[in-house]
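Me: I would like to go through a model with you, beginning with the overall fold and then turning to the ligand and the empty spaces. Could you take my questions one at a time?

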Amino acid sequence: MSAEKLVVIGQGYVGLPLAIRAVEAGLDVVGLDVDGDRIKRLASGESFVEDISTDRLGRALSTGRYRPSTEYPDAEGFDICVITVPTPLRDGTPDLSFVEQAGIGIGPYVRPGCTVVLESTTYPGTTEELLRPLLESASGLRSPGDFHLGYSPERIDPGNPTWRLENTAKVVSGVDAESLARVDDFYRRIVERTVPVDSTRVAELTKLIENTFRQVNIALINELTMLSHHLEIDVWQAIEAAETKPFGFMPFRPGPGVGGHCLPIDPCYLSWQVKRRLGRQFRFIELANDVNHEMPEHVTQRVMAGLNRRGRAISGSRLLLLGLAYKRNTGDMRDSPAVDVAQRLQALGAEVRAVEPYAEPHHIPGGVAVVSLTEREVREADAVIVVTDHDVFDYDLVTRHARYVFDSRNRCAGDVVERL
Ligand SMILES: NC(=O)c1ccc[n+]([C@@H]2O[C@H](COP(=O)([O-])OP(=O)(O)OC[C@H]3O[C@@H](n4cnc5c(N)ncnc54)[C@H](O)[C@@H]3O)[C@@H](O)[C@H]2O)c1
């Protein structure tokens, strides 16, 4: 009997790890993506996602059961299709055009008995109100009834070696009991534990609760950090002390702002839906966005004040930024607050140089010179600013040779160091 055929639409941070894991679980996998360059690189064995090593990709390709493709007709005859395309914001409102395009693309290949699952993060109702009609009209089939349909939110944490796709519990749902059973069967081959819920809306909301919880708590600690600075209290030490409480407290750390594809965006899907359906504001989300957006400016002002205390104007200063990605140990530059910080410093007349070992060169903001972390770079900088604390950075070298370090991540200690 031939292996079951899986199509994963979107071969990015979410879709590629899923596709490779499914090959390892014995499925026959087509990895579909409209980005021809990405597909060419994958087909030649080059991975651009940190969590999938080139070795692992190579092993998947060598089975002959992983086929990267730009062609929807390669989906013909699929048993399961998982959609992992982007869900960004456009002018502050959800942009579901990628999900729509994926639905229109795969619709003609939907056949009786097959299963389609949406994984992209989105507002409650998307699977049934937006995706289902597209699949039904393109295929002439119905769900429930002819084909199975469900939603399963992705919890992937790029760069986290402990919690990976396979050992992180996966929430699963379907438009009816049969759909749920099919979706659950599929993911039980991929991950160690599934968590079935009663409806696609519950599953969609689950993901938004998780990310809104993080966004709001980060904003809370960011605001507290800005206030503690004026109160002259060490917030980092207070968080560490609070963390010793064994119940009822969960630590969040301040930082130069939130970035990436999730935290600045996903909660807005929820507040948009609440506004649309109920005509009400989701106040926590609005407030958290405001506070988090203040952080790059706060960092800029603190650096300016720090230089001023050392008799230096920011205009004409040479600044060395450590890390530009939005997240430690990754090269993901999407919505990175580091870019905002760099541009604000440049606008004030500073020469900005940066050490960023992971990001692709075309994502580096204009006018920022990417350099290596050397004693000379550190010595020649008027300030070294820790923006994204990659583990590969030699923080001892920085504190030994820098004149002034502004550390937004609490990685450095010493007389020359000022923490956020
Ligand atoms: N990156 C994360 O950490 C993370 C975690 C959880 C959930 N998510 C969610 O998962 C979804 C995907 O995120 P990602 O980080 O993998 O995005 P990504 O940009 O890395 O990958 C998405 C891929 O989809 C492709 N694509 C776009 N339209 C397409 C179409 N019509 N047909 C085929 N391919 C198409 C793009 O070319 C891209 O390669 C988003 O909804 C995101 O919010 C992401």
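The exchange below covers the chain, the ligand site, a pocket and a cavity.

Me: What kind of model is this, and how many helices and strands does the chain have?

Reply: The model is predicted. Its chain has 13 helices and 16 strands.

Me: What is the radius of gyration, and what would a compact globule have?

Reply: The chain has a radius of gyration of 23 Å, which agrees with the value near 22 Å that a compact globule of 420 residues would have. Along the principal axes, the C-alpha atoms fill a box of roughly 75 × 50 × 40 Å.

Me: On to the ligand. Which residues come nearest?

Reply: There are 27 residues around the ligand, and those that come nearest are Val14, Asp33, Arg38, Tyr72 and Thr87. By class, this shell consists of 13 nonpolar, eight polar and six charged residues.

Me: Which helix gives the largest share of that shell?

Reply: That is helix α4, residues 97–106, with three residues.

Me: What are the distances from side-chain polar atoms of Asp33, Thr87 and Arg334 to ligand oxygen atoms?

Reply: For Asp33, a polar side-chain atom lies 2.6 Å from an oxygen atom of the ligand. Thr87 has a side-chain N or O atom 2.6 Å from a ligand oxygen atom, and for Arg334 the corresponding distance is 3.3 Å.

Me: How much of the ligand's accessible area does the protein cover?

Reply: On its own the ligand has 830 Å² of accessible area, and the protein covers 93% of that.

Me: Changing topic: what is the volume of the second largest pocket, and which residues are closest to its centre?

Reply: The second largest pocket holds about 370 Å³ of space. It is lined by 22 residues, with Leu89, Pro264, Cys268, Asn289 and His293 the closest to its centre.

Me: Which helices supply that lining?

Reply: Among the contributors, α9 (266–278), α10 (283–309) and α11 (337–347) each supply at least two residues. The largest share, five residues, comes from α10. By class, the lining of this pocket divides into nine nonpolar, eight polar and five charged residues.

Me: Finally, how many cavities of 30 Å³ or more does a search of the whole structure find?

Reply: The search finds one. The largest cavity contains about 70 Å³ of space.

Me: What lines the largest cavity?

Reply: Its lining has 13 residues, and Glu154, Arg155, Ile156, Leu165 and Thr168 lie nearest the centre. Seven residues of this lining are nonpolar, one is polar and five are charged.

Note on methods
Residues numbered from 1 in each chain as written. Predicted model: local features only at pLDDT ≥ 70, side-chain atom pairs only at ≥ 80, totals over all residues. Heavy atoms only, no water. 1 Å grid on protein atoms, 1.4 Å probe; cavity = no way out; pocket = protein on both sides within 12 Å on 5 of 7 lines; lining within 4 Å. Points joined across faces, edges and corners; volume = space filled by probe spheres on them. Nonpolar A, V, L, I, M, F, W, Y, C, P; charged D, E, K, R; others polar. Near = heavy atom within 4 Å. Polar contact = N/O pair within 3.5 Å; in protein donor to acceptor, adjacent residues only side chain to side chain. Areas by Shrake-Rupley, 256 points an atom, 1.4 Å probe, with all protein chains shown as cover. Helix = DSSP H or I, 4+ residues; strand = E, 2+ residues; numbered from the N terminus. Rg over C-alpha atoms; globule rule 2.2 N^0.38 Å.
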